[in-house]
Amino acid sequence: MSTPVRSLVASGNIDKAAIFNSEGTSVWASSPSFTVAPAEIQAVVASFADKEDVKKVQSEGFHVASEKFITLKSDDRSLYGKKGKEGVVIVKTKQAILVAHYPESVQPGSAATTVEQLGDYLIKVGY
């Protein structure tokens, strides 16, 4: 597990995470047993490029690690999803896509802040 994935999990706000290249074609690091399928990450990449008023991901939701999430937020940098009380926060930087899952014991805002701050840091250092 790489340092960025380790730091997300160590925050206590995220229980598992993965980092992909910005095209979603290569996994750079992942928590053990957190597998995001190629089709799932490609749908995420497509959501960042979707410029429609109502994005496909907003009307249909999306999948991460074989679980379906309802879209809470979707813009050109971030994608948030919820399934019951758990959820995912996905943030795109210049070179990477952070995919982070939070358990039902964590407030969505705390999870989002943790992942967005790491995204800001990676952008600042050129990633």
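Me: Helices (H or I, at least four residues) and strands (E, at least two) are DSSP runs, numbered from the N terminus. Where is S33 placed on that basis?

Reply: This is a predicted model. S33 sits in the loop between strand 2 and helix 2 (38-49).

Me: Why is S33 called exposed?

Reply: Exposed means over 50% relative accessible area. S33 has 75%, so it counts as exposed.

Me: What makes the phi of S33 worth a remark?

Reply: Its sign. Most residues other than glycine have a negative phi. S33 is not a glycine, yet its phi is positive, near 60 degrees.

Me: What is the phi of S66, and where is this residue placed?

Reply: S66 has a positive phi of about 65 degrees and is not a glycine either. It belongs to the loop between strand 3 and strand 4.

Me: How do you know whether S66 is buried or exposed?

Reply: Set its value against the cut-offs. Buried needs under 20%, exposed over 50%. S66 has a relative accessible area of 68%, so it is exposed.

Me: Why does Y121 count as partly exposed?

Reply: Partly exposed lies between the 20% and 50% limits. Y121 comes out at 47%, so it falls in that band. The residue lies in helix 4 (residues 108-124).

Me: What makes the nonpolar surface patch?

Reply: W28, Y121, V125 and Y127 make it, over about 420 Å². A patch residue needs over 30% relative accessible area. Y121, at 47%, passes that test, because the limit is 30%.

Me: How do you know that strand 1 and strand 7 pair?

Reply: Pairing takes at least two bridges. Strand 1 (residues 16-21) and strand 7 (residues 96-102) have six, so they pair; the sense is antiparallel. A17 has A100 as bridge partner, and I19 has L98.

Me: What joins strand 4 to strand 5?

Reply: Four bridges, with strand 4 (residues 67-74) and strand 5 (residues 78-83) running antiparallel. Four meets the minimum of two, so they count as a pair. T71 stands opposite G81. A hairpin through three residues also connects these strands.

Me: How many bridges lie between strand 5 and strand 6?

Reply: Six, in the antiparallel sense, with strand 6 covering residues 86-92. K82 is partnered by G87. Their hairpin has two residues between the strands, and G84 takes a positive phi there, near 65 degrees.

Me: How are strand 6 and strand 7 linked?

Reply: By six antiparallel bridges and a hairpin through three residues. In strand 7, I97 is the bridge partner of K92.

Me: In what order do the strands form the open sheet?

Reply: The order is 2-1-7-6-5-4-3, seven strands with antiparallel pairing. Strand 2 (27-30) and strand 3 (62-64) are the edges, since each pairs on one side only. From one strand to the next, the twist averages 25 degrees.

Me: Why is strand 7 called mostly covered?

Reply: Seven of its seven residues are buried, which means each has under 20% relative accessible area. Both faces are covered. A96, L98, A100 and Y102 are buried on one side, and I97, V99 and H101 on the other.

Me: Which strands does helix 1 lie across?

Reply: Helix 1 (residues 3-10) crosses strand 1, strand 2 and strand 7. It runs at about 150 degrees to strand 1.

Technical notes. Residues are numbered from 1 along each chain as its sequence is written. This is a predicted model: local features need pLDDT of at least 70, side-chain atom pairs count only at pLDDT 80 or more; totals for chains, interfaces and linings use all residues. Side-chain values use heavy atoms; hydrogens and water are left out. Axes are lines fitted to C-alpha atoms, for helices over the stretch in contact, and angles run from 0 to 180 degrees between N-to-C directions. Contact means heavy atoms within 4.5 Å. Patches are made of residues with over 30% relative accessible area and no salt bridge: like charges are joined within 9 Å, nonpolar side chains (Val, Leu, Ile, Met, Phe, Trp, Tyr) within 5 Å. Accessible areas come from the Shrake-Rupley method with a 1.4 Å probe; for residues, only the protein chains shown count as cover. A salt bridge is a side-chain nitrogen of Lys or Arg within 4 Å of a carboxyl oxygen of Asp or Glu. Buried means under 20% relative accessible area, exposed over 50%, partly exposed in between (1.4 Å probe, protein chains only).
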